Amino acid sequence: MGALFSFVMVILLVLLAYAGIKAANLQIFFGVVIPYAAILTFLLGFVYRMLKWSTSPVPFRIPTTCGQQKSLPWVKQNKIENPSTALGATVRMILEVFLFRSLFRNTKAELRDGRLGYGSSKWLWLGSLAFHVSFFTISFRHLRLFLQPVPSPVHFVETLDGFLQIGAPTFLITGSILLLAALFLLLRRFLLPTIRYISLPADYFPLFLIIAIASTGILMRYFLKIDVVSVKELTMGLVSLNPMIPEKIDVIFYIHLFLISVLLAYFPFSKLMHMGGVFLSPTRNLSNNNRMVRHINPWNYPVKARTYEEYEDEFREKMKNAGIPVEKE
Amino acid sequence: MGAKDLVRDASLRLIKGRGNSRERRMGLKDLIIAKKTAILKRWFDMILGTYPEETSNHLRKQADPFANPISHTISKGIEGIFSTVIEGTDIESAFPFLDNIIKLRAVQDSTPSGAIAFILLLKKAIREELKDKIHEGVIYHELLALESNIDEITLLCFDLYMKCREKVYELKANEVKNMTFRLLQRANHNL
Amino acid sequence: MAKLPTPDELSKINYKPPEKRWVNTPAEFKDGFWCFGTRPKYLQAVDMPNPREWKPIEDDWKLPENWKEIFLEGFAERLKKYRSFRLFMDICVRCGACADKCHFFLGTGDPKNMPVLRAELLRSVYRNYFTTSGKLLGKLAGAREITFDVLRELWYYAFQCTECRRCSVFCPYGIDTAEITIICRELLNLLGLNTDWTMGPVANCYRTGNHLGLEPHTIKSIIESMVEDIETITGIKIEPTFNRKGAEILFITPSGDLFGDPGTYTCMGYMMLFHELGLNYTWSTLAAEGGNFGLFTSNEMAKKLAYKIYAEAKRLKVKWILGGECGHMWRVWNQYLETWHGPTDFLETPVSPITGTKFDYTSSLKAVHIAEFTADLIKHGKLNLNPSRNDYLKVTFHDSCNTARGMGIFEEPRHIIRNVCNHFYEMPENTIREQTFCCGSGSGLNAGENMELRMRGGFPRANAVKHVHKHYGINMLANICAIDRAALKPLMDYWVPGVEVCGVHELVGNALVMKGEKERTTTLRSEPLPEKEAKENV
């Protein structure tokens, strides 16, 4: 149900953009108004969410420790999985954010005894990593549309991306990887009953959306071969706050742009915010130096606890009879 | 009655049941052994079919025995039981396998029937796997004898199940006793 | 002939696959899977809301009229107070990496025991009341209202989680189900929905300082009974002190070590060690409990119960605190205690009076784990050990969830075991250290009435023990947690008969050669030492 709904939603979005351009000539609306609105929503929403999280207090220091603690000098500490310094915690976060360390943990048993059992978990790690790396690379490559002159790192990444050196325009591998990885993540949700059971429309929708974005992108570049110069005129117009609509842009571009706008606007309201949230996770980004440095809870408040005096008052006679020292004879 | 006694009783029953049908059953036995993998797979799937779909998917993954202990216990267990029933291995060798599965079912199911039904699924697995042969009618008698064997094992399952349940109640009762052992000891000492 | 159900129909009775989505499948309370509801007297004893007689299985939980309001206000308050809670409500992508990491899921096969779904039970409520998308889109956004059925479900599954944090190890965002369960239980406690097994110890602990409600003279008397046992076994008379001012060290251990076997043998091990070292330490009859069932109730209650630790250290003017073998006690001490009740300027950075080692990694908390303390002694060769006295044992070590994933104490206990035993074997790699499987009875679930749940939850652990039992003949499961000592015993009894359970310091006590001791003929359990051993000593 959730999958079908999400699928229909994305199709509707595509049709909306198509009709808007073809039937109603709403180039300005889809080429200027929507992108601006989406960017604004994205930025404000993202910042709002991040502020809301980062201003929430962290009352206790609760890292999940995944290795030997720092203790006696001759005991070898695992400085990354159980960091006791900010540096250790930073390295731990880097491994987590860039290499999906925790997901990778799933494969350990398989590597040890060569069984197939953990296969799917390993695929999850690989699939997610491929998905995220290619998504990031593609976004980075797209900077060429928003910067003039195009900075050399963008050129470099593009060259790297096209290392296969086939086709004209050069085949960039990340586009296909993104599409395949997204399809893989989607298939997982369809085929594995466990995952299907826990999946919500909010899990299918972004996947369908991203699949649609990648597909339209690939269509534009390799099949319909739209006029990149005009596209850049439009994007540069947006960046320079001097928007204009070039004549020769095909409708597929507006669909692509519209879907991206939807993704951006949807982002801050969705689970996609894990992108920012992962940095704030108290079980990962804190070091386990609890016994060295006292952690302060900003809302710590005094509680009424039972005092020794009350305790002694209740049990004084019994204590005296048992020969246990008391404060008041 | 101890575990050993349970096994002995069941062995006796099983041997009695085998008796005269032994030679004639060879045909069926060969058939079944030839289809061992298929029957076991069918049986395993039937047992997993008694779990919710969301779960059985996880169980079906032939994972590391420690990451997926239920699946491991069941698949190893039915293999051992299969050997006893079909290949005529001594029932004592099946005991640990039966015990493992029953232990699991005894705390997983809240009805006794649900807990020991898995063994009867073997009949179904064999019937389905040998459907054609059964229709030919040639192995009909042998099949009946074999199914009697499974019935015997079922009785053993019931004994084992009861033993497990008694164990659980014993553990429940002991819980408080263990907690306060030292206190009781002290109280007695003070008297 | 009447139609009888076929075997597969029969066995399906209890495993009817949910046809509907999980949100529409109310929790089915199965026998042996839930704990009794708390009695009113316990709630009254510590001033907690809604004391009344109630039964979880009944349809009327006697909730206050405005229970939804109370629940949601509590929810909102905690979203403001805990970044962890807000974040964990928001960022889960339902990738499923945690699904098969939970011992309760592995042992029960109940899909709602997948950590992700356990959290979704609460997340769905969160979405409905606290997110824009949930408010606008409702069910479509995975939101649902808080109804009595939902409350029952939250209760049922909040008490099928042992807060062991294993899922958190595998989550790409570190989402910690323990954190979610802890807060969910806090919310339930606002409505008086604790279990009797948790609330009883809490109430007792408040009044007497320990879970069983032992009064000071009883504590002394129990410890003295152990002293007598030690004298019988070793011929050495130990003289522990109670509430003695000016001792160097305050020793605190979970009270399970005082009254329940096999914890008591561990406790005898501590005392023999301290005697042999001539350690200047004292017991406190009030702080005679390191365990804290408040952690399974609410943050505030945990804080109240933890108050006595530093208060007694201050009153008795000790220099530092030595903590016994306990899992959640150390989670509380390591991650909460000083935040609640610090600073600890009245104490000193712990220094081992025997080896001179300065434990500067605990310069702020000022508490040393006894495994660290003893490992240091052994490393410096300060103990005369005869590991062959433990030769009748083949030992494996169970890492306790809390010390593993809330602290990271792995090597110290292993160092000790290797020096006091000759036969030590590890369980498979994916079942120990940070990947250790819970005993299935932590976080206040070690009651009697939910034994089936405990046996299932502990199955993955037992399965790994069974493996080493079969391959190496393991007959002793060592650990550093009082709940483990209590809970693993029935678990082994059921799944792997023939495997006993002990604390690490019981092994130390057995191996420790004490000055002036008589020839030992029995173990600390007063069981005769195996013959071979007796001959060698002649």
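Q: Which residue of β4(C) is the bridge partner of Leu322(C)?

A: The bridge partner of Leu322(C) in β4(C) is Val368(C). This is a predicted model, in which local features need pLDDT of at least 70 and side-chain atom pairs count only at pLDDT 80 or more, while totals for chains, interfaces and linings use all residues. Residues are numbered from 1 along each chain as its sequence is written, whereas chains are lettered from A and ligands numbered from 1 in the order in which they are written.

Q: What makes β3 and β4 of chain C count as a pair of strands?

A: Two strands pair if DSSP finds at least two bridges between them, and three bridges join β3 (residues 320-323) of chain C to β4(C). Because three bridges satisfy the requirement of at least two, β3(C) and β4(C) count as paired, and they run parallel. The strands themselves are DSSP runs (E, at least two residues), as helices are (H or I, at least four residues), and both are numbered from the N terminus.

Q: Why is one side of β2 and of β4 of chain C left without a neighbour in the sheet?

A: The sheet is open and has four strands in the order β2-β1-β3-β4 (chain C), with parallel pairing. Strands β2 (281-282) and β4 (367-369) of chain C stand at the edges with a single partner strand each, and therefore one side of each has no neighbour in the sheet. Helix α17 (residues 370-379) of chain C packs on this sheet and touches β3 and β4 of chain C, and its direction makes about 70 degrees with that of β4(C).

Q: Which strands stand at the edges of the sheet with the order β5-β6-β7 (chain C)?

A: This open sheet of three strands has parallel pairing, and its edges are taken by β5 (395-398) and β7 (500-503) of chain C, each of which has a single partner strand and so has one side without a neighbour in the sheet. Neighbouring strands here are turned by 35 degrees against each other on average, direction ignored. Four bridges join β6 (residues 476-479) of chain C to β7(C), which run parallel, and Leu477(C) stands opposite Val501(C) in β7(C).

Q: How do you know that Phe100(A) is buried or exposed?

A: A residue is buried if 20 or more other C-beta atoms, placed from the backbone, lie within 10 Å of its own, exposed if 12 or fewer do, and partly exposed in between. Phe100(A) has 20 C-beta neighbours inside 10 Å and therefore counts as buried. Phe100(A) is found in the loop between α3 (86-99) and α4 (101-104) of chain A, and its phi is near 55 degrees, a positive value in a residue other than glycine.

Q: What makes Ser443(C) count as buried?

A: Ser443(C) counts as buried because it has 25 C-beta neighbours inside 10 Å. Its place is in the loop between α19 (411-420) and α20 (451-457) of chain C, and its phi is also near 55 degrees, a positive value in a residue other than glycine.

Q: How many residues does each chain give to the contact of chain C with chain A?

A: Residues are in contact if their C-beta atoms, placed from the backbone, lie within 7 Å, and the contact takes 84 residues from chain C and 73 residues from chain A. On the side of chain C, helix α15 (residues 299-315) gives the largest share, seven residues. By class, that side has 35 nonpolar, 21 polar and 28 charged residues, where Ala, Val, Leu, Ile, Met, Phe, Trp, Tyr, Cys and Pro count as nonpolar, Asp, Glu, Lys and Arg as charged, and the others, Gly among them, as polar.

Q: What is the radius of gyration of chain A, set against that of a compact globule?

A: The radius of gyration is taken over C-alpha atoms, and the globule rule is 2.2 Å times the number of residues to the power 0.38. A compact globule of 329 residues would have a value near 20 Å, but chain A has 28 Å. The C-alpha atoms of chain A fill a box of roughly 100 × 45 × 45 Å along the principal axes, and 34% of its 329 residues count as buried. Chain A has 14 helices and zero strands.

Conventions: Contact = placed C-beta atoms within 7 Å. Axes fitted to C-alpha atoms, helices over the stretch in contact; angles between N-to-C directions.
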